[in-house]
Amino acid sequence: MNDQIHPRAPETAARTASVPAPARGPRAGYLDHARVGPLSRRAAAALTAATDLATRSDPADLDRLFALGDAARTSAARLLDARPHEIALAPSTSNGLFTVAAGLQGPGTLLVPRDEFPANVYPWLRFAGRGGPAVRLVAPDGRRHITPDLLRRNLTPDVTALTVSAVDSLTGHVAPLAALKEVLGPDRLLIVDAIQGLGAVPLEADAADVLVSGGQKWLRAGWGAALLLIRDRCAERLAPGLGGWAGVAEPFAARHPAPPLPGAAAHLVTNPDFPAAAAIGAAVDELLAEGGPAATGARIRATLAELLDRARQAGAEILLDGLGHRERAGIGTFRLPGHDPVTVHRTLEAAGVITTRRDEWIRLSPHASTPTAAVELFTEALHTLTTRTGNTLTLQEPTCPTT
């Protein structure tokens with residue numbers, strides 16, 4: 001899901017004040033891709049090249065710039081096993097979800113897991129009283145944010161859709177999309193916020209009727225462009241609620257509204273950010289060239305498993321430690337009993353290990369590009385925090401300054 005960077009967040013302010021930015025690229029101990037994935041070199045090069053095109057005035061250069069959006073959609077179609085016209089480029093995950101919420105007309109009820117990230121809650125709440133379906137929050141089964149059995153128990157006749165994160169942003173639990181769609185059946189929509197899974201692990205994307213994902217996390221493509229997939233099988237169920245002049249076939253017609261464009265383009269408000277489109281297209285191409293989500297996901301999961309194993313050896317409690325290999329994506333979360341989580345987070349950061357803290361939990365999210373040195377840095381940082389006296393863990397002062 002979509003962890004936003006809040007300008008007033010104390011963690012962010014402390015990080016800015018105490019940790020100098022690296023000169024080139026992410027540091028070795030960067031384990032925070034679930035928050036922000038630093039741009040890959042390929043995405044950065046595409047962004048730079050497209051920005052250069054945008055400085056020119058030759059019509060041929062502008063045509064090349066505009067074509068980058070079509071190229072990105074074609075690449076995304078390969079990744080998602082879709083047709084290019086089923087994909088549009090939205091400015092962000094949140095914008096894409098609001099676009100879908102504006103197009104999803106009532107009556108009926110939309111199910112939302114109670115612990116969903118807010119980006120996948122507010123669009124539905126905002127439109128529930130403006131022609132959209134009612135919203136029903138569903139309490140999770142333990143720490144798994146959605147299961148087929150939970151869905152089945154809540155599947156009353158009024159339910160028309162379920163929205164869910166492909167990967168839970170705190171626990172790393174992978175939603176069983178195919179099983180959820182089977183329970184929903186063909187007449188109810190499965191809407192997926194895929195930002196915490198796309199580019200990290202294989203997803204059952206073909207089960208999603210609608211899928212939205214920005215590029216600033218696991219795809220490492222930065223901000224400004226998100227993939228909005230609306231499959232043909234449900235296109236008639238979504239009105240072009242936010243569709244503007246860029247979403248119609250004759251934008252300069254004498255009379256309006258003009259007929260909408262076919263496919264997901266009907267929901268476009270305006271043209272995409274073309275340099276951002278170039279970056280997300282390049283990121284998808286890079287992912288496919290490196291073996292796709294299966295190969296990348298295997299490397300990410302292997303690194304995460306090693307990190308979690310080192311945390312266990314230090315006495316940590318792992319959130320949802322019983323998840324199977326394919327049930328966990330690139331996110332693992334832990335806490336050290338008896339230790340102040342703020343101190344744990346700051347000590348890791350002072351040692352060059354960048355993570356996210358959520359209350360008492362520390363979230364780890366490596367990438368396929370994460371070097372093996374990150375595991376050793378993490379292990380050494382844990383050793384500065386903990387000593388063993390029998391089975392008791394005692395807090396030690398950090399060996400590096402944290403302010």
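**Exercise 1. How many of the ten residues of helix α10 (residues 341-350) are buried?**

Solution. The structure is a predicted model, and the exercise begins with one helix of it. Step one is to take a residue as buried when its relative accessible area is under 20%. Step two is to apply this to helix α10, where seven of the ten residues are buried, and the helix is therefore described as mostly covered. Step three is to name them: Pro341, Thr343, Val344, His345, Thr347, Leu348 and Glu349 are the buried residues of α10. Beyond the end of the helix comes Gly352, which has a positive phi, near 90°.

For the wider setting, the protein chain has 403 residues, of which 52% count as buried, and it contains eleven helices and 13 strands. Among its contacts between residues at least 6 apart in sequence, 72% join residues that are at least 24 apart.

**Exercise 2. Find which residues of helix α7 (residues 177-184) are buried, and work out where they lie around the helix axis.**

Solution. The first step is to list the buried residues, which are Leu177, Leu180, Lys181, Val183 and Leu184. The second step is to look along the axis: these residues cover an arc of only 160°, which puts them on the same side of α7. The third step is to ask what lies over them, and the cover includes helix α6 (148-153) together with the strands β4 (159-165) and β5 (189-193). The last step is to look past the helix, where Gly185 follows with a positive phi, near 85°.

**Exercise 3. Lay out the sheet that contains strand β1, and state which strands stand at its edges.**

Solution. Start with the order of the strands: seven of them form an open sheet, arranged as β1-β7-β6-β5-β4-β2-β3, with mixed pairing. The edge strands are β1 and β3 (134-138), each of which pairs on one side only. From one strand to the next, the twist averages 20°.

Next, examine two of the pairings. Strand β1 is joined to strand β7 (residues 226-230) by four bridges, and the two run antiparallel; within this pairing, Leu89 has Leu227 of β7 as its bridge partner. By contrast, strand β2 (residues 109-113) pairs with β4 in the parallel sense over three bridges, and Thr109 has Val159 of β4 as its bridge partner.

Finally, consider the faces of β1 (residues 87-90), both of which are covered, since Ile87 and Leu89 on one side and Ala88 and Ala90 on the other are all buried. Helix α3 lies across β1, β6 (210-214) and β7, running at about 120° to β1.

**Exercise 4. Describe how helix α3 (residues 59-80) packs against helix α8 (residues 274-289).**

Solution. Two packed helices are described by the angle between their axes and the distance between the axes. Here the angle is about 35° and the axes are 8 Å apart, and α3 passes α8 in a left-handed crossing. The residues that make the contact include Leu65, Phe66, Gly69 and Ala72 of α3 and Phe274, Ile280, Gly281 and Val284 of α8. Sorted by kind, the residues of this contact divide into 14 nonpolar, three polar and two charged.

To see one residue in detail, take Ser75, which is found in helix α3. Ser75 has 8% relative accessibility, and so counts as buried. Leaving aside neighbours within four places in sequence, Ser75 is in contact with Gly281, Val284, Asp285 and Leu288.

**Exercise 5. Explain why one side of β8 (317-318) and of β10 (356-358) is left without a neighbour in the sheet.**

Solution. First write the order of the four strands, which form an open sheet as β8-β9-β11-β10 with antiparallel pairing. β8 and β10 stand at the edges, each with a single partner strand, so one side of each has no neighbour in the sheet. Then look at the pairing of β9 (residues 332-335) with β11 (residues 361-364), which run antiparallel and are joined by three bridges; there Phe334 stands opposite Ile362 in β11. Helix α9 (residues 292-313) packs on this sheet, touching β8, β9 and β11, and its direction makes about 10° with that of β9.

To finish, turn to Glu306, which is found in helix α9 and is partly exposed, with a relative accessible area of 31%. Glu306 and Val375 are 69 residues apart in sequence, while their C-alpha atoms are 7.2 Å apart in space.

Terms used. Residues are numbered from 1 along each chain as its sequence is written. This is a predicted model: local features need pLDDT of at least 70, side-chain atom pairs count only at pLDDT 80 or more; totals for chains, interfaces and linings use all residues. Side-chain values use heavy atoms; hydrogens and water are left out. Buried means under 20% relative accessible area, exposed over 50%, partly exposed in between (1.4 Å probe, protein chains only). The arc is that of the directions from the helix axis to the C-beta atoms. Contact means heavy atoms within 4.5 Å. Two strands pair if DSSP finds at least two bridges between them. Axes are lines fitted to C-alpha atoms, for helices over the stretch in contact, and angles run from 0 to 180 degrees between N-to-C directions. A crossing is left-handed if the near helix is turned anticlockwise from the far one by less than a right angle, and right-handed if clockwise. Ala, Val, Leu, Ile, Met, Phe, Trp, Tyr, Cys and Pro count as nonpolar, Asp, Glu, Lys and Arg as charged, and the others, Gly among them, as polar.
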